[in-house]
Amino acid sequence: MSPTRKVLVAEDSSVIINLTKNVLMFENYQITAVKNGKQVLDKLGKEDFDLILMDINMPEMDGIECTKAIRALEDPEKSVIPIIAITGNYKNYTLDDFLKAGLNDYIQKPLDYDHLLATVKKYLA
Amino acid sequence: MKNNKVLIVDDNALNRRVFQNIIGQVYHCDVAENGKEALDKLKKEAFDIVILDIQMPLLDGIHTLRIIKEEQITPAPIIAVSAFANENDRDYFLSAGFDDFVSKPIKPKQLLETLQKHILMYKSPGMVANGERDIRSNPEILNPKVLLQLLKYNTIENIRMVYFDFINETERLLSEIEYQLKYSEYEGIGEKLHIIKGNSGTIGALEIFYFTQSFERNIKSGNFDNTVKDYIYLKGLFERFKIHCKSSEYLNP
């Protein structure tokens, strides 16, 4: 048995949070959910995670800003945590913007949960 | 729900009684005492799902399944039940051709969820086939394919919670949009529509998804001529979705 992997989900819609939690729990991942970029930084400061699923369109601090802030962290382990964007692309970011901000991958809304699970697994393998 | 028929095949009278008590509350059911009797019943009558015990005299579950498949006796899903197997044996039963597996002693909730899921999957391709294109059979209001994909990872109970969550959240967002409309805060409306768009698409409320997509596009491109009209139309679609959820047999077992 490999140790339980911890996934932080940042998403401001409770509908998506609930569905995503159920899907990830299916694979025995341990899930923590937060609602904006600031909360991501708070949580990450206190706990270790193996992966972050990050909505781009969030209040307070959006996913791009938050990813940049994580990549700039001094902690060598936390600054390189895999981050997967969840995006409906409201602000017209391009894939290039995602990569420049330091995101590893992205999943488009509406979410296809088979695809989401496969993408998460790819980074937690 | 009651119009779905379950065939229970088990050689033990007490087990049959237990199955009937659990399943009879939700579905019509009939029983057979062994594989031979099951085959006779399946040839005479159509069932929507079959629960097949593995250890039986005369004709056991594995052989009965083989005959059903070879002679194409019924396309209905077939669920294996066994006291001499645990969850680890699931792969074996699936590879043998069963649609699912439930271990004894039976857990009522798990059994009913398993049945519901497979009946739903079995029946969904024909959902529109009843001729009436009424609100219940329009796949665009609630797309069955999306629902089935979600059911792979969620129990019916979870799914119901998510849909009611979606309704609450959308209700709140729509009233915020109405407020922003009054004060012509169009930028904020786009953000709300964006959330509704992502959620509706994800849970399969495709009618709402498609419409919100074009509504959001108008807002983003600064075209506010039809904003009030679009808002009223979206509210109408949402009301329809709510009615659909209330009457959907999948969400209200």
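Reader: I'm new here. What covers the buried residues of α9(B)?
Author: Bear in mind that this is a predicted model. In α9(B), the buried residues include B:Phe209, B:Phe211 and B:Phe215. What covers the buried residues of this helix includes two helices of chain B, α8 and α10 (227-247).

Reader: How far does α9(B) reach from its first C-alpha to its last?
Author: Start with the length: α9(B) has 15 residues. At 1.5 Å a residue, the expected span is 21 Å, and the helix comes close to that. From first C-alpha to last, α9(B) reaches 21 Å.

Reader: Which residue with a positive phi follows α9(B)?
Author: Look just after the helix for a phi near 75 degrees. That residue is B:Gly222.

Reader: Now the two chains. Which residue of chain B forms a salt bridge with A:Asp114?
Author: Between chain B and chain A the count is 1 salt bridge. Its closest N and O atoms are 2.8 Å apart, which is within the 4 Å cut-off. The partner of A:Asp114 is B:Lys152.

Reader: Which element gives the largest share of the side of chain B that touches chain A?
Author: On that side, the elements giving two or more residues are α6 (144-153), α7 (156-182), α8 (186-203) and α9 (206-220) of chain B. The largest share is 11 residues, and it comes from α8(B).

Reader: Which three residues supply 30% of the area that chain B buries against chain A?
Author: The area buried between the two chains is about 2,100 Å², with carbon and sulfur atoms giving 57% of it. No other three residues of chain B supply more than B:Tyr153, B:His194 and B:Thr202.

Technical notes:
Residues numbered from 1 in each chain as written. Chains lettered and ligands numbered in written order. Predicted model: local features only at pLDDT ≥ 70, side-chain atom pairs only at ≥ 80, totals over all residues. Heavy atoms only, no water. Buried area = accessible area lost by both parts, 1.4 Å probe. Salt bridge = Lys/Arg side-chain N within 4 Å of Asp/Glu carboxyl O. Helix = DSSP H or I, 4+ residues; strand = E, 2+ residues; numbered from the N terminus. Expected span 1.5 Å × (residues − 1). Buried < 20%, exposed > 50% of the residue type's maximum accessible area, 1.4 Å probe, protein only. Contact = heavy atoms within 4.5 Å.
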